[in-house]
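Reader: Hey, I've got a protein model open and no idea where to start. Can you walk me through it?

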Amino acid sequence: MNERLTFSYGTAAQAVVARQLALRQKPVEQPAAPATEPVARDWDLETDWGFRGLMLFTFVLFMRPQDHFPALNPLHLAELSAVVALGGMAFRRIRLGLPVAPLLPEVGGVVALGLLMLATLPFSIWKAGSLETFTDLFLKALLIFILMLHAVATPRRLEQFVGLILACCAYLAINAVVDYSRGVNLTYGRVRGTVGGIFGNPNDLAMNLVTFFPLALAGLIAPLRTWKRLFCGGLAIVLLGAIVATQSRAGFLGLVAVLVLAGIWLGRRRPGMIGAGLVAAMLAGPFVPSAYWERMASIGNKEQDQTGSYEARRRVMEEAFQAFLDRPLTGVGVGQFENYAPEGRAESWHESHNALLQLAADLGIFGPLIFLFLIWRGFGAVRSSQRMLRIFRRDPDRALIPFQRSERETLELFVAAVGIALAGWFVCAQFASIAYNWTFYYILALTIVPREIIRARLR
């Protein structure tokens, strides 16, 4: 049964039922342990430097304090916090006799993608550039991805971790709205992130805000403290304003996907929220700048695209596909499509603006296949968590449920929200070269963490 649980091929529900039947057979004088009793994975949590380091790294990644205080640059805060976190993880797992990294199919998929990058390195058009992309970007994302699966091991930690991400998004979104209203920090009328890194340009800022928007919606209706729900409600409004300020067409399409999926889900659980959302949308409509709708209209009509970016993106996608056809097995090298300049290329020094084409051009056919496997596993983790939580909700005997009611309800909302977030990211990824960026590996880890928390409680 343990092996089946590990790979979750439709047997998690059966495992829960079997466990419940076994518990019911216990004598009355041996009641089930209370839901708040520590479980095997709650390893002396207050002294876990892996989680502390992960929180600090995430803060530095999102907030980039060195952009505001250049004197912090020599300290290399991101690298320092990552070393502390990974060292803490390795020490704890070795002390407990566990493998250095969690042995999960998703970890194997991300590792396989990294190994593919190394295997195609000898065929890269610029080997040093490919090696730099691997070591400076992907390898770090891989290690932090593994760290998240280790460190975010309880519902309380999950709430703290997501709370930090949402607090950082609030800062970025508020600054974006203020900058747009003041007419500063703009690129052709589109607001940029107040910090660099993964929020530097308007499209990246919009993609990240769209991805984390469903988590704010979940917090709005979750059984949390009143001030937390008010914070999430205000954040959802500010995030929408910031996404509009970016005037990102990819962000608009991702936001539409998120709102449609959220509407379908809420329509089943809380129909009243649909009406409230429609009223809010009608009230907010007059405040949306006309320039925003004019730019969104160019999605279906390239004649309305005054910048010519619509046609340029179409050409660069065609060139990325041609690069894949030129090298279908090895690609041109990880991160090297923009440097690929065969005779006749019209859009030199540009990225592919599509995550799957980016992988195909860089790594050949196996790149997008591994990536699609990871996305499939992410949605599969969401479904697995929902199946197990559904059985908990239907169980009439509260003593057999290994979660408090508020924990279970919060987990249910979060699992649904993170599935919608992954879908929103995937829509945005069809218009951006973000296959190696941090956001995907953060959201993928957040789809897996609830499943592993539930399994740990069942053990």
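Author: Sure, we'll go from the overall build to rings, cavities and a few single residues.

Reader: Cool. What should I know before trusting the numbers?

Author: This is a predicted model, so local features need pLDDT of at least 70 and side-chain atom pairs count only at pLDDT 80 or more, while totals for chains, interfaces and linings use all residues. Residues are numbered from 1 along each chain as its sequence is written, and side-chain values use heavy atoms, with hydrogens and water left out.

Reader: Ok, how many helices and strands are there?

Author: The protein chain has 18 helices and 2 strands. Both are DSSP runs numbered from the N terminus: helices are H or I with at least four residues, strands are E with at least two.

Reader: And how much of the chain is buried?

Author: Of the 459 residues, 49% are buried. Buried means under 20% relative accessible area, exposed means over 50%, and partly exposed is in between (1.4 Å probe, protein chains only). The chain exposes about 21,100 Å², and carbon and sulfur atoms supply 64% of that. Those areas come from the Shrake-Rupley method with a 1.4 Å probe, and for residues only the protein chains shown count as cover.

Reader: What about contacts, how many link residues 24 or more positions apart?

Author: Among contacts with a separation of 6 or more, 79% are between residues 24 or more positions apart. Contact here means heavy atoms within 4.5 Å.

Reader: Switching topic: how many aromatic pairs are there?

Author: The count comes to 13 aromatic pairs. The rule takes rings of Phe, Tyr and Trp (its six-membered ring) with centres within 6.5 Å; planes under 30 degrees apart are stacked, over 60 edge-to-face, and the rest tilted.

Reader: Why does the pair Phe-321 and Phe-324 count as tilted?

Author: Their ring planes are at 45 degrees, so the pair is tilted, with the centres 6.0 Å apart. Both residues lie in helix H14 (residues 309-326), 3 residues apart, which is about one turn of the helix.

Reader: Are those two buried or exposed?

Author: Phe-321 is partly exposed at 43% relative accessibility, whereas Phe-324 is buried at 14%.

Reader: Which pair links distant parts of the chain?

Author: Take Phe-371 and Trp-425: the ring centres are 6.0 Å apart and the planes at 45 degrees, so this pair is tilted. Phe-371 is in helix H16 (residues 366-394) and Trp-425 is in helix H17 (residues 405-429), 54 residues apart. Phe-371 is buried, at 1% relative accessible area, and Trp-425 is buried too, at 0%. Ring pairs also join these two with Phe-134, Phe-138, Phe-440 and Tyr-441 into a cluster.

Reader: Where does the charged end of Arg-52 sit?

Author: The charged end of Arg-52 sits over the ring of Trp-49, 4.7 Å from the ring centre. To count, NZ of Lys or CZ of Arg must be within 6 Å of the ring centre and within 35 degrees of the ring normal.

Reader: What's around Trp-49 in space, say Ala-151?

Author: Ala-151 and Trp-49 are 102 residues apart in sequence and 9.0 Å apart in space, C-alpha to C-alpha. Ala-151 is in helix H7 (residues 127-151) and is buried at 0% relative accessibility. Leaving aside neighbours within four places in sequence, Ala-151 is in contact with Gly-50, Phe-51, Leu-54 and Arg-157.

Reader: How many cavities are there?

Author: The structure holds 2 cavities of 30 Å³ or more, and about 120 Å³ of space lies in the largest. A cavity is a set of points, on a 1 Å grid over the protein atoms alone, where a 1.4 Å probe fits but cannot get out; lining residues have an atom within 4 Å of a point. Points are joined across faces, edges and corners, and the volume is the space filled by probe spheres set on them.

Reader: Which residues line the largest one?

Author: Of its 13 lining residues, Pro-214, Leu-217, Ala-218, Ala-262 and Trp-265 are the closest to the centre. Helix H9 (202-221), helix H11 (249-269) and H17 each supply at least two lining residues, and H9 gives the most, with 5.

Reader: Last one: which residue has an unusual phi?

Author: Most residues other than glycine have a negative phi. Asn-185 has a positive phi near 60 degrees, and Asn-185 lies in the loop between helix H8 (155-182) and strand E1 (186-187). His-353 also has a positive phi, about 60 degrees, and lies in the loop between H14 and helix H15 (355-363).

Methods: On a 1 Å grid over the protein atoms alone, a cavity is a set of points where a 1.4 Å probe fits but cannot get out, and a pocket is an open set with protein on both sides within 12 Å along at least five of seven lines; lining residues have an atom within 4 Å of a point.
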